[in-house]
Each structure stands twice: as structure tokens, then as C-alpha cells.
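Welcome, and thanks for taking a look. Please open the structure below and keep it in view while you read.

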Amino acid sequence: MTAASLARPRDLIREASARLADAGIDSPEYDAAELLAHVLGTTRSRLSLVDEIGAEQAVFEVLVGRRAAREPLQHLTGSAAFRHVELQVGPGVFLPRPETELLAGWAIERAVAAGPGAVLADLCCGSGAIALSVVDEVPGVEVHAVELDPSAHAWAQRNLATTGVDLQLGDMADAFPELDSGVDVVVCNPPYIPLEAWASVAPEARDHDPPLALWSGEDGLDAIRVLESTAARLLRPGGWVGTEHADVQGESAAQVFVESGRWTEVRDHPDLAGRARYLTARLAR
Ligand SMILES: C[S@@+](CC[C@H](N)C(=O)[O-])C[C@H]1O[C@@H](n2cnc3c(N)ncnc32)[C@H](O)[C@@H]1O
């Protein structure tokens, strides 16, 4: 290794950020620093302790090129942060999103309020992000999770191993018949993007999240309709359901619950940017 082939982290990050910004990445500096930290086996906050980088530079350049081609950052690092947990992720599973942390937080509050031994079902669990957060933050909770896609289910198996979560491969429509009328909280981040919205979806999602995780019929509400009837079957009277939806579905998703006549306290919640993000409702007694 010659002195000429060594580079300083801040120079590498500056050059990579410019390249990522040109490629249309929203958070170029963050992504560049995350990739460099990943390559060096350290964290972003400890990069300032690294003086010079040698052979790892070539690996970093390859990853920056892949990110510039809009491969998701988390596919390149192999992990995704969600609330207080880290999930293993990669091709074949939906990447957990920061906005879903709000829905997970609501589910955690409801499970705590239900008291010791609360029973919670995470339908459409993907990587297991919500289920893992619930067991992480609610002592003594009983969690059941279901996922239809075998590839996503395999990721959930990795993430939920040793947690005690009952993880099933199957359709939420007929999941957990043994729990009928016995669940305190049903939580779901289902597919909900209307087919017509294809062109407005970011390349990272459109090209790398599994199609089954994204689309849900013409109006994007097909899975939410299945969720409504499944939650009514699973919940005890007075139990709670919460579901994420698209920002344009604040009224239409609520309509699904209001029209069935089975729910009280149907309410929509905004995300941190003020957009309609998730709906909660309570099964009538
Ligand atoms: C938007 S992703 C959310 C994944 C995870 N809950 C999260 O928040 O990161 C939706 C997930 O639902 C799964 N899915 C779609 N239809 C389903 C069904 N009928 N039953 C169970 N899972 C389903 C998809 O495979 C995908 O993993």
C-alpha cells in the first residue's frame, strides 16, 4: 500500500455524496457515510476516528455505484433500523420504513394498556419489524405474526428466531383460527399502493421491494378490506386494530371500517409530516 492509494474518510464521503446527489438520492451524505462505515466495519459516528482508508476504498466505490443505480441502502448494508431494533434484510423482503414506526408505537401502547399477557397479531409481517419491536418493548406480550410470501417469511424467520413469536407462513385471511375472538391488538402494514400510482413510486421501492408488498388492486384497498374482516374475526370485543395506508387513503380506508358497521372509534392519524398515515378502530362490544 503506497501513501498515494490512501484516502481520508471525509474526502471519500464528499466525492461519493456528489455522485449520489447527481443520481437523485435524497440523503447523499448520510448514505455515503453509512456505506463507508459498513465497509470499514464501524459506525457512522466513529468514522471520525479513522485516519486513512486503503484497500477498502475499492469495495466502497462499488457500493456507491450500486447505490447510485438506486439499489436500496439497506440491501447494500444488509440491515435496517426500526425503532430500537435492527433487522436483517435483503432482496425478497419489504424494507421497513420510518413512518411505520408510528403504527408500531401505537400497537405497543395498546398492548401495554391491555395488561399482562396481552395477545397481539401482526398481519402481513414482512421482515418481522413490527412483531420484533413489540416483543422488544412489551414485557410478557404474546405475539403472533403471519406472512404470505415465502421469501419474506424466510427473512422474518431469521429476525424472529429466539423471540418466542409464533410466526406462520400463510394468508392473513384465514390466519390463526385458534385465536378467534381472543386477540387484544391486531396491527398491519399491508400492501396499499393503487396500481395507477406505479409511476410515482421511487425506483428503490418499485424495482426492489417485492410486488406482493406494494400493490393491492385498483384503489389500493384490497388488502385493507381483507384486514377489516380478519381483524373482526380475531379480536375480542373492544379489541383494537391499526393499519397503515397511503396518504391519499385517509378517508377511503376509514370508509372500509365505517361501512362494515362492526367498529367504533374509527380514527385516522397523521405522520410527522402531517400526512394521513394510519387508521385505528375498536371492535364494537
Ligand atoms: C408493505 S409490506 C409490510 C411488511 C412489514 N409489516 C413492515 O412494515 O415492514 C406488506 C407485506 O404483506 C405481505 N402480504 C401481502 N398480502 C398478504 C396476505 N394476504 N397475507 C399475509 N401477508 C401478505 C407482503 O408479502 C409484504 O411482506
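This briefing covers the ligand site and then two loop residues.

The model shown here is predicted. In it, 17 residues surround the ligand, and the protein buries 95% of the 600 Å² that the ligand exposes when taken alone. Away from that topic, Thr162 and Ser181 each deserve a look for a positive phi.

**Around the ligand**

- Cys124, Glu147, Asp171, Met172 and Asn189 are the residues that come nearest to the ligand.
- By type, the surrounding shell splits into 10 nonpolar, 4 polar and 3 charged residues.

**Polar atoms facing the ligand**

- The backbone of Cys124 places a polar atom 2.8 Å from a nitrogen atom of the ligand.
- In the side chain of Glu147, an N or O atom is 2.6 Å from an oxygen atom of the ligand.
- The side chain of Asp171 has an N or O atom 2.9 Å from a nitrogen atom of the ligand.

**Two residues with positive phi**

- As background, most residues other than glycine have a negative phi.
- Thr162 has a phi near 70°, and this residue sits in the loop that runs between helix 7 (150–160) and strand 5 (166–169).
- Thr162 counts as exposed because its relative accessibility is 87%, where the cut-off for exposed is over 50%.
- Ser181 has a phi near 60° and belongs to the loop between strand 5 and strand 6 (183–188).
- Ser181 has a relative accessible area of 48%, so it is partly exposed.

Methods: Residues numbered from 1 in each chain as written. Predicted model: local features only at pLDDT ≥ 70, side-chain atom pairs only at ≥ 80, totals over all residues. Heavy atoms only, no water. Near = heavy atom within 4 Å. Polar contact = N/O pair within 3.5 Å; in protein donor to acceptor, adjacent residues only side chain to side chain. Areas by Shrake-Rupley, 256 points an atom, 1.4 Å probe, with all protein chains shown as cover. Nonpolar A, V, L, I, M, F, W, Y, C, P; charged D, E, K, R; others polar. Helix = DSSP H or I, 4+ residues; strand = E, 2+ residues; numbered from the N terminus. Buried < 20%, exposed > 50% of the residue type's maximum accessible area, 1.4 Å probe, protein only.
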